[in-house]
Amino acid sequence: MPKYLVIVESPAKAKTIKKFLGKNYEVIASNGHVRDLPKSTLGIDIENDFEPKYITIRGKGEVLAALRKAVKKADKVYLATDPDREGEAISWHLYHALKLENKKCSRITFNEITKNAVKDSIKHAREIDMNLVDAQQARRVLDRIVGYQISPILWAKIKRGLSAGRVQSVALRLICDREEEINLFIPKEYWSLTALLNVKESKKPLEAKFVGHKDKKEKVEIHNKEEMDQILKELEGKEFKVEGVKVSERTKKCPLPFTTSTLQQDASSKLNFPTQKTMRIAQQLYEGVDIKGKGTVGLITYLRTDSTRVSEEADTSAKEYIAEHYGEEYVGVSSTPAKKSDKKVQDAHEAIRPTYMENSPASIKDQLSRDQFRLYQLIWNRFIASRMAAARYENTSVKIIAGDYRFTAAASKIAFDGFLSVYNINNEKSEGNVMIKSIDEDTELSLNEFESKQHFTQPPAHYTEASLVKTLEELGIGRPSTYAPTISTIVARRYVVKEKKNLYVTELGEAVNNMMKKAFATIVDVNFTAMMEALLDMVEEGKVHWKSVIENFYPDFEIAVKNAEKELEKVKIEDEVTDVVCDQCGRNMVVKYGPYGKFLACPGFPECRNTKPHFEKVGVPCPLCGGEVVLKKTKKGRKYYGCENNPECEFISWQKPSTIKCKRCGSYMIEKGKKLVCSNKKCGYVCSRPEELDQEETQTKGE
């Protein structure tokens, strides 16, 4: 009997596949890559057409020995690594490391680890796709050249141990640009007006929102209290009348099934999972989990995909499940919701979905860990929802006239929940005025009271992991497999920190980003990085030779590296001597840079190893106690301003305080770009920075 060898990446995947194949098949795991570029050197022969020099990864000797032994016994070898560029490259490396040139060898791929998919892949075995391999090689070589040639410059400029990746540098720039946008944001004041109206035979008043002039369609913006007072004055004693009632129906289409990006975003917002954790648990669900009575079962399809496509078999199976458990009226009409065509979508695999409809989350909950269950349930619900009917809302809008002004009252009611019965994207529900249904044009209204509220426009939100992934995807930067490691790297390097989901740039991150923008503007350019991704896609399609991508990139990059080296030699950071005296040896302490930013160290090192926190004085007296305001950092590295007399003085501000006081309320002002903004959020006063103030405004310093 012939003996077949199937090589996969992970032991869990090997265990799942083994039970689908007969005893003539042996399934062994390579535990990921077996060959890679060396860590100690560049590993790319620049002079010899950018030829990569691959070596066996340290520690993989025993694995390769076991694989070679199994290869000798086998009549045929199947390389069954993951169905993407990385998986194709692993198969190619295995092919050469195991010297399979003179052996019957084929490549097999499957989007889901099920009996039908695995057996069907063997029927459709193929050769290794060198276009996929070359696309991965191009990415690997590009990233190696960028990382290994820029990182030493970062070491010389800032500190050792830093790194600059091709995609991570762009991600860092996006976060830095957003931080700058937030810091420069000037809030603008606006007001809202609500009329609470009495309706006959109703205990609860009707809420009607101010829109504008009754004869104009445009909404009137109320900018300040003076404008609000004028409108209220004109509405004094005016009668409120119902001018029209409009009832309409709105439908909300079902969501698309998950891609890698949308799964990471939803897992972050709904489950509070970091992207790396989402991918790790999804990998476990894909490779297989022990299910009582069924053995090891792959629960979801391949987790790295940018496609929303679903197979006909899976679509039919899902609709049968919906009809049985929810009713025929809940079954969606179209097989796949429409999606705008996007050139960035590779569409190599199906969307992320459950492999078997009989494995409902509730039925296998006891066999899954808590996190596995929560993620599997999220994937299950999203897929079921994507095959269901649209939700329908009944919207009622009432137009109300008072004097020369127009108000509207609105209510929204879910008429048919459809997919919302399974998957509620934004926790949508019926909302608005409850009694609005009984109102018509003859309904008598009387004013109970006005509610006027002051508001201020809000700055853009800080990036979260979810919103950063969404932005990277929209800009065409990176691919499904790169989002999680990119974010993990910039967090691990302490370029950014996470606080309550938000990503904040650290002082170290700012220094790296500023250097990259100055010396390597092309590398951190969003459009350039997106263009490189498009070129890698063209390599995969066989339209561009992979070394051509490197050849076109390298000359300009080499010049930038040389120029940066020359410039940075002149910018040597000397230790800044302070007036703080070392309490152990009496020397004046100096400013040093560590993984968490600046700190004070004794220049007598190594004889004296005394260190202290470094608090940079900003030249502003504390608004509360008059002490010095110093620049500090949270435990996670985010900058803020506090009083040197802490904890006795509790002053703290995320923005730099000013010596100038607010002319309107007397509170201290804070710096926002070229403007000063009152620290009292209820005030909102804004003026120019000191250098642009006239003499009269400058005199307010001492008031």
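Buried here means under 20% relative accessible area, exposed means over 50%, and partly exposed is whatever falls in between. Keep those cut-offs handy for this tour of a predicted model.

**The whole chain**

Start zoomed out, with just the C-alpha trace on. Along the principal axes, the C-alpha atoms of the protein chain fill a box of roughly 100 × 80 × 45 Å. Switch to cartoon and you'll be looking at 18 helices and 31 strands. The chain has 703 residues, and 49% of them count as buried.

**Stop 1: glutamate 88 and arginine 126**

Now for some charges. The structure holds 32 salt bridges, and we'll visit a few of them. Select glutamate 88 and arginine 126 as sticks: they form a salt bridge, with the closest N and O atoms 2.8 Å apart. The pair links distant parts of the chain, 38 residues apart. Glutamate 88 is in helix 3 (residues 85-97), while arginine 126 is in the loop between helix 4 (115-123) and helix 5 (130-157).

Which of the two is under cover? Glutamate 88 has a relative accessible area of 1%, so it counts as buried. Arginine 126, at 29% relative accessibility, counts as partly exposed.

**Stop 2: aspartate 315 and arginine 387**

Next, select aspartate 315 and arginine 387, whose side chains meet in a salt bridge (2.8 Å, N to O). Aspartate 315 belongs to helix 10 (residues 312-325) and arginine 387 to the loop between helix 12 (370-386) and strand 14 (391-402), so this pair ties together parts that are 72 residues apart in sequence. Buried or exposed? Aspartate 315 is buried because its relative accessible area is 8%, and arginine 387 is buried too, at 0% relative accessibility.

**Stop 3: lysine 543, glutamate 541 and a network**

Move to lysine 543, which forms a salt bridge with glutamate 541; here the closest N and O atoms are 3.2 Å apart. Lysine 543 has a relative accessible area of 60%, so it is exposed. Glutamate 541, with 49%, is partly exposed.

Then pick Arg85, Arg479, Asp537 and Glu540 together: these four are linked in a network of salt bridges.

**Stop 4: a positive patch**

Show the surface and colour Lys3, Lys18, Lys69 and Lys73, which form a positive surface patch. Zoom in on lysine 69, found in helix 2 (residues 61-73). Why does lysine 69 count as exposed? Its relative accessible area is 57%, and the cut-off for exposed is over 50%.

**Stop 5: helix 6**

Hide the surface and select residues 166-184, which make up helix 6. How far apart are its end C-alpha atoms? They are 28 Å apart, which agrees with the 27 Å that 19 residues should span at 1.5 Å a residue.

Add side chains to see the buried ones: Arg166, Val167, Gln168, Ser169, Val170, Ala171, Leu172, Leu174, Ile175, Cys176, Glu179 and Ile182. When you look down the axis, remember that an α-helix has 3.6 residues a turn, so residues three or four places apart point the same way. Try that on Leu172, Ile175, Glu179 and Ile182, which are among the buried residues of helix 6.

**Stop 6: isoleucine 660**

Last, jump to isoleucine 660 in strand 28 (residues 657-661). Isoleucine 660 is buried because its relative accessible area is 3%. To finish, draw a C-alpha to C-alpha distance from isoleucine 660 to glutamate 451: the two are 209 residues apart in sequence and 34 Å apart in space.

Technical notes
Residues numbered from 1 in each chain as written. Predicted model: local features only at pLDDT ≥ 70, side-chain atom pairs only at ≥ 80, totals over all residues. Heavy atoms only, no water. Patch = residues over 30% accessible without salt bridge, like charges linked within 9 Å, V, L, I, M, F, W, Y side chains within 5 Å. Areas by Shrake-Rupley, 256 points an atom, 1.4 Å probe, with all protein chains shown as cover. Lys, Arg positive; Asp, Glu negative; His and termini not counted. Charge placed at Lys NZ, Arg CZ, Asp CG, Glu CD. Helix = DSSP H or I, 4+ residues; strand = E, 2+ residues; numbered from the N terminus. Buried < 20%, exposed > 50% of the residue type's maximum accessible area, 1.4 Å probe, protein only. Expected span 1.5 Å × (residues − 1).
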